[in-house]
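Let's look at how a few labels are earned, one question at a time. Here is the molecule to explore together.

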Amino acid sequence: MYFLEDGTNKCGFYECKKCNYRFLSLHTSEKTPCPLCEQDLDYEIGPDESLEDLLETATLIDVIEGEEDVARMDALLSVAYVDDESWL
């Protein structure tokens, strides 16, 4: 699979509020770090910012349960991010 390992039964479907990247993660907490934003993270914190706001930019949209549903969602998202037009 693209985002997760085969056989995953439960995952979180997230969207980053900064870059609008949608991804699957093994985490199911309300917020988690975005893998794209985390690469370009600037650790300088201003007076009105907190480290948590900089790190945890993705919010949980839904919890996907069941091996088939996780595999289906992973395949669906992978089509959006891979330049493969064989599905057309």
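Q: Where is S25 found, and what makes it count as buried or exposed?
A: This is a predicted model, and in it S25 is found in strand 2 (residues 22–25). S25 has 12% relative accessibility. Buried means under 20%, so S25 counts as buried.

Q: Which residues is S25 in contact with, leaving aside its neighbours within four places in sequence?
A: They are L4, C11, G12 and Y14.

Q: What makes the link between the side chain of S25 and the backbone nitrogen of H27 a polar contact?
A: The side chain of S25 reaches that nitrogen of H27 at 3.2 Å. The cut-off is within 3.5 Å, so the pair fits.

Q: Why is the pairing of E15 with R22 called a salt bridge?
A: The closest N and O atoms of E15 and R22 are 3.5 Å apart. A salt bridge needs them within 4 Å, so the name applies. In general, side chains of opposite charge can pair when their charged atoms come close.

Q: How do you know whether E15 and R22 are buried, exposed or partly exposed?
A: E15 has 24% relative accessibility and R22 has 35%. Partly exposed lies between 20% and 50%, so both E15 and R22 count as partly exposed.

Q: What makes D69 and R72 a salt bridge, and where do they sit?
A: Their closest N and O atoms are 2.7 Å apart, within the 4 Å cut-off. D69 and R72 are 3 residues apart in helix 3 (residues 67–81), which means about one helical turn separates them.

Q: Why is R72 called buried or exposed?
A: The relative accessible area of R72 is 52%. Exposed means over 50%, so R72 is exposed.

Definitions and conventions. Residues are numbered from 1 along each chain as its sequence is written. This is a predicted model: local features need pLDDT of at least 70, side-chain atom pairs count only at pLDDT 80 or more; totals for chains, interfaces and linings use all residues. Side-chain values use heavy atoms; hydrogens and water are left out. A salt bridge is a side-chain nitrogen of Lys or Arg within 4 Å of a carboxyl oxygen of Asp or Glu. Buried means under 20% relative accessible area, exposed over 50%, partly exposed in between (1.4 Å probe, protein chains only). Helices (H or I, at least four residues) and strands (E, at least two) are DSSP runs, numbered from the N terminus. A polar contact is a pair of N or O atoms within 3.5 Å; within protein, one must be able to donate a hydrogen and the other to accept it, and residues adjacent in sequence count only if both atoms are side-chain atoms. Contact means heavy atoms within 4.5 Å.
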